[in-house]
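Student: Could you take me through one part of this model closely, the place where the two chains meet?

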Amino acid sequence: MIGSKHLFFIGVLFIILCATIISATGMGFLKISPIEVIEILWSQFTGQSPEGINPTFPFVVMEVRLPRILTAALVGGGLAVAGAVFQAILLNPLADPYTLGISSGAAFGASLVIILTIFGIVIPPWFSIPVFAFLGAIATLIAVFSLASTDTSLSSNTLILSGVIIAAILSAGIGFIKYLADEQVGIIIFWLMGSFVGRTWGDVLTTSIIIFPGLLFTLYYARDLNIMALGERTANTLGVDSSRIKKQLLICASLITAISVSVSGIIGFIGLIVPHLLRMVLGPDNRILLPACFLGGAILLLGADTITRAWLPSEIPIGVLTSLIGGPFFCYIFRKKQMALHS
Amino acid sequence: MISSQKTAGLLFQLAGLSFAYQKHPVLHDIDLQLYSGKFYGVIGGNGSGKSTLLELLMGTLLPLNGTITYRKKLLANYSKKELATKLSLVPQHFSMDFDYRVYDIVLMGRHPHIPRFASPAQHDREIVTQAMVTMDILDLQNRPVTALSGGELQRVVMARALAQESEVLILDEATSNLDIQHTIAIMQVMRKRVVEQGFTIIAAIHDLNLAAAFCDECLVLKDGQIYAKDTVDNIFTSDLLQTVFSVEAVVDNNTMTKHPQIQFKYQ
């Protein structure tokens, strides 16, 4: 049930996100104070140039940092929502776009675009990369499910194992493309390790166009998702068309994953950690959990990206950082789950 | 007069029904009529098709051949939402991976009655509390369901089905996880609803004495067909138990309860 305590928590997350965005914008090689950041942002609305501020700062804020920061926040939020949706549909706390192999599928699809350019087929990348990423994600989803379908209950272990197998094959595929496209290795490494370097307002726009409607779509079905936790058979007897909703939400979550990967490469475990932590605080009700995941995922990924960008002596790929944190966390959840099974 | 009353109370009508999982035939040539205000027991050995029959009645499986109507309308023509206000199910197995509170799970039974973006009304909350009182789980209402024993969880699932306020309750071996105290208490509550409120129950039951004590009529399934359908007094005979279950048994009329009482020959 939604209480005022829950809404308060959502409000707090929203304020933390705004504060993180503003302070992250000030961090970096050029230090800009939060007040100055707010003044610069305000001047964009009023159209007056701010007084007493270094004239290069508005350019740094608006053209260099803010697009990257907003992209990181959107991708973090999107991946966390996608993870929460996968977990709720599959009744599986270990599911997330990365462990199911969906992220690798999207990355493989996106890197196929390079093969096309080798054969001289040129499609504008703003169009081809998201579309190929989505096709790769959906194909992977189908492959993982058909591999796991021998186990009719779709148990955690079968599904995750299928995801790992398919992801391994896809990584080899990406490696092969890397071999073919030797002068463009840098781009492939980007797909494999994930990065927000050089994101533009165009990226902010394309991710927003998919992620916000996707979030609204999942929220529309949040109560049905709760009922589906009772199991597909019982959910059907409560008037929920679970097989239709399941398909639509799987496609929606894959689409969110695909757009995220197409602007940032593979970033693992955000979709695992954020829903898990928030479920411990807020409980499993998806009507509260999904918006909280969006805000929490945005804060976490933006925070991690700001650490690699502004604090570390040299920038390490963000995907590497999240996997370094997320991998052990995955071990922890897996172990807890296995112990619960055997107790 | 009596016959017109009978058709008025007709709920399910199955005609020439058959069902198969892939190439394995499970049920065939089922013709059956079920009326409201009765407690039906479905008995038969393991794999005789009891659960499949219940799923077909719920509309969660579709027949391979033949038709099922509910109140003279094809079951398949009802919307899921509409059906949810008429039929509810207590499944045989239930597990939960997310730590919803007991109260939240029982409240989920109100799902078909609450509009999509509305909050549960006072009326809904009262029904949920009443269902928890009936199932003796009110003191568990704030516990996470992941921390309950099998029997407690089973009572939560029953309370959820009661909160659904349907016309028909379908139980798939719903009491098999419960201790004798709760089994009897719950069967008594169910019986009372049938007698006093005209509720209809269709229950697959393994414990034959339990079926004999609480049901009005029993359907006996054998090899995917209805072997017999009659009142409990006529169903429970040594001959039938020998043919259907291949066990030797004596059936007495229990002097205390006036129900048939089955005594099995164990050695």
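Tutor: Happy to; here is the interface, followed by the cavity.
This is a predicted model, in which local features need pLDDT of at least 70 and side-chain atom pairs count only at pLDDT 80 or more, while totals for chains, interfaces and linings use all residues. Residues are numbered from 1 along each chain as its sequence is written, chains are lettered from A in the order in which they are written, and side-chain values use heavy atoms, without hydrogens and water.

Chain B brings 34 residues to the contact and chain A brings 25 residues (heavy atoms within 4.5 Å). Together they bury about 2600 Å², 60% of it from carbon and sulfur atoms; buried area is the accessible area (1.4 Å probe) lost on putting the two parts together, summed over both. On chain B's side, B:Phe98, B:His111 and B:Arg116 lose the most area, together 28% of what that side buries.

Four salt bridges link chain B and chain A (a side-chain nitrogen of Lys or Arg within 4 Å of a carboxyl oxygen of Asp or Glu). B:Lys80 pairs in this way with A:Asp241, with the closest N and O atoms 3.6 Å apart.

B:Phe98 turns up again in the lining of the largest cavity, along with B:Tyr100 and residues of chain A including A:Arg279 and A:Asn286. That cavity has a volume of about 60 Å³. Here a cavity is a set of points on a 1 Å grid over the protein atoms alone where a 1.4 Å probe fits but cannot get out, and lining residues have an atom within 4 Å of a point; the volume is the space filled by probe spheres set on the points, which are joined across faces, edges and corners.

Notes:
On a 1 Å grid over the protein atoms alone, a cavity is a set of points where a 1.4 Å probe fits but cannot get out, and a pocket is an open set with protein on both sides within 12 Å along at least five of seven lines; lining residues have an atom within 4 Å of a point.
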